[in-house]
Every structure is written in structure tokens, then in C-alpha cells.
Amino acid sequence: MIISWIIKKNLVPVVLVVVMALSIAGAVVYRHWLFMFIAAELIVFHLTPPFAVLLSVVAYKNKLGFWFNQSEREKSFYKKIRVKQWKDKFPTYDAKMFAVNSASKEKLIKLMIQSENVHLLLFFLSFVPVVLGNRFGHRGAMILLSFIIAACHVPFVIIQRFNIPRVVALKTNG
């Protein structure tokens, strides 16, 4: 209930900054690297979107097929995991941005590509602490945290991969 209220009120960035500040304070006070790893993960979380925007602009301008086409294997995979049934149950940063009726299809496609890129980059960057865990210890905690964070991004990538070709078809046909 608290999490849905935070998401609904768009306080996610505020909560992330507070957790990051507490992690940095914990690292300074307790001199424990686990706090710094959590802070670094959140800093990466905030720096990734600008890079994803650049990647999205390149993808959209060059009409890169990866974002616009689905292979038959991909389509059957989405059908097998029943994306259509659960995709609307996941939170959206701003649901109005992704509403099919309110935005131009062109703008919506750009936003969806950007969203997919953000989550893909965060998925891969979530494993950085595993590499650094050897130097600072706490390898088990770093591996567990990295896999949990990476797993949280997978459904959002799948949702965008599922939806983008449908919106492209709507734009083309409508």
C-alpha cells in the first residue's frame, strides 16, 4: 500500500535520493562498503536515463529493426508467458505518458524505446557490484543484490518489447 502510494504520487525519485543519502551516510559513519555499493547502484540508476535517451534517438532515427520487429520465436515466447495478461499490473513511472490515446503514436514509440533502453542498461549495470565485490568483500551480498535488481528490470523490458510493434502497427494503420 505504501509503495503504490509512493508510485501514484510520483515520489520514487525522492525515495531513491533519500535511500542514497542514507547509504552514503552509513558508509561514512560505519565505514562499511555495503552502504557505498547501495549508493553507487542508485547513482547509476540516476545516470542511466540520459544515456538511454541517446541510444533511443539513434534507434528511432535509424529505424533499427530490433526495436520495431519481433521474431516468431519472440512472439511465441510472449504468448507462452502470457504477457498480455500481466503487463498492465506493473507500475508505470507516469501512466499518462504511455497512454495510447493521449499521446501521438510517434511520441509514444519514442518513449517506449527509451523505457526499454533504460531498463536494459540498468539490467546490465546491476552486475557492476559483483565485479567490485571481490575487491571490497561481501561477494555473496553483492551477487544476491545484483540478481534481485536485474530481475526487477526484466518484466519492463519484456513489456516494452511486447508493446512497441503493436503501437507501430497502430501508427501505420491508423
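**Figure 1. A nonpolar patch on the surface, built from Ile-24, Val-28, Val-29 and Tyr-30.** Start with these four side chains, which together offer about 420 Å² of accessible area. Keep in mind that this is a predicted model. Tyr-30 sits in helix 2, which covers residues 12-30. Is Tyr-30 buried or exposed? Its relative accessible area is 60%, so Tyr-30 is exposed.

**Figure 2. The whole protein, for orientation.** Step back for a moment and you'll find 9 helices and 0 strands. Read from the N terminus, the elements go α-α-α-α-α-α-α-α-α. The protein has 174 residues, and 31% of them count as buried. About 11,500 Å² is exposed, with carbon and sulfur atoms supplying 69% of that area. How do the contacts spread along the chain? Take those between residues at least 6 apart in sequence: 71% of them join residues at least 24 apart.

**Figure 3. A salt bridge inside helix 5, between Glu-72 and Lys-75.** There are 3 salt bridges in the structure, and this is one of them. As a bit of background, side chains of opposite charge can pair when their charged atoms come close. Here the closest N and O atoms of Glu-72 and Lys-75 are 3.7 Å apart. Both residues belong to helix 5 (residues 72-80), and they are 3 residues apart, or about one turn of the helix. Glu-72 has a relative accessible area of 60%, so it counts as exposed. Lys-75, at 42%, counts as partly exposed.

**Figure 4. Glu-74 meets Arg-161 in a salt bridge.** We're still in helix 5 with Glu-74, but the partner, Arg-161, comes from helix 9 (residues 139-173). From N to O, the distance in this salt bridge is 3.0 Å. Glu-74 and Arg-161 are 87 residues apart, so the pair links distant parts of the chain. Are the two ends buried or exposed? Glu-74 has 17% relative accessibility and counts as buried. Arg-161 counts as buried too, with 6%.

**Figure 5. Arg-161 again, now with Glu-116.** In this salt bridge the closest N and O atoms of Glu-116 and Arg-161 are 3.8 Å apart. Glu-116 lies in helix 7 (residues 105-125) and Arg-161 in helix 9, so the pair ties together parts that are 45 residues apart in sequence. How accessible is Glu-116? Its relative accessible area is 0%, so Glu-116 is buried. Which residues end up in one network? Glu-74, Glu-116 and Arg-161 do, joined by salt bridges that share partners.

**Figure 6. Arg-82 and its positive phi.** Most residues other than glycine have a negative phi. Arg-82 is not a glycine, yet its phi is positive, at about 55°. Where does Arg-82 lie? Look in the loop between helix 5 and helix 6 (83-86). With a relative accessibility of 56%, Arg-82 counts as exposed.

Notes
Residues numbered from 1 in each chain as written. Predicted model: local features only at pLDDT ≥ 70, side-chain atom pairs only at ≥ 80, totals over all residues. Heavy atoms only, no water. Patch = residues over 30% accessible without salt bridge, like charges linked within 9 Å, V, L, I, M, F, W, Y side chains within 5 Å. Areas by Shrake-Rupley, 256 points an atom, 1.4 Å probe, with all protein chains shown as cover. Helix = DSSP H or I, 4+ residues; strand = E, 2+ residues; numbered from the N terminus. Buried < 20%, exposed > 50% of the residue type's maximum accessible area, 1.4 Å probe, protein only. Contact = heavy atoms within 4.5 Å.
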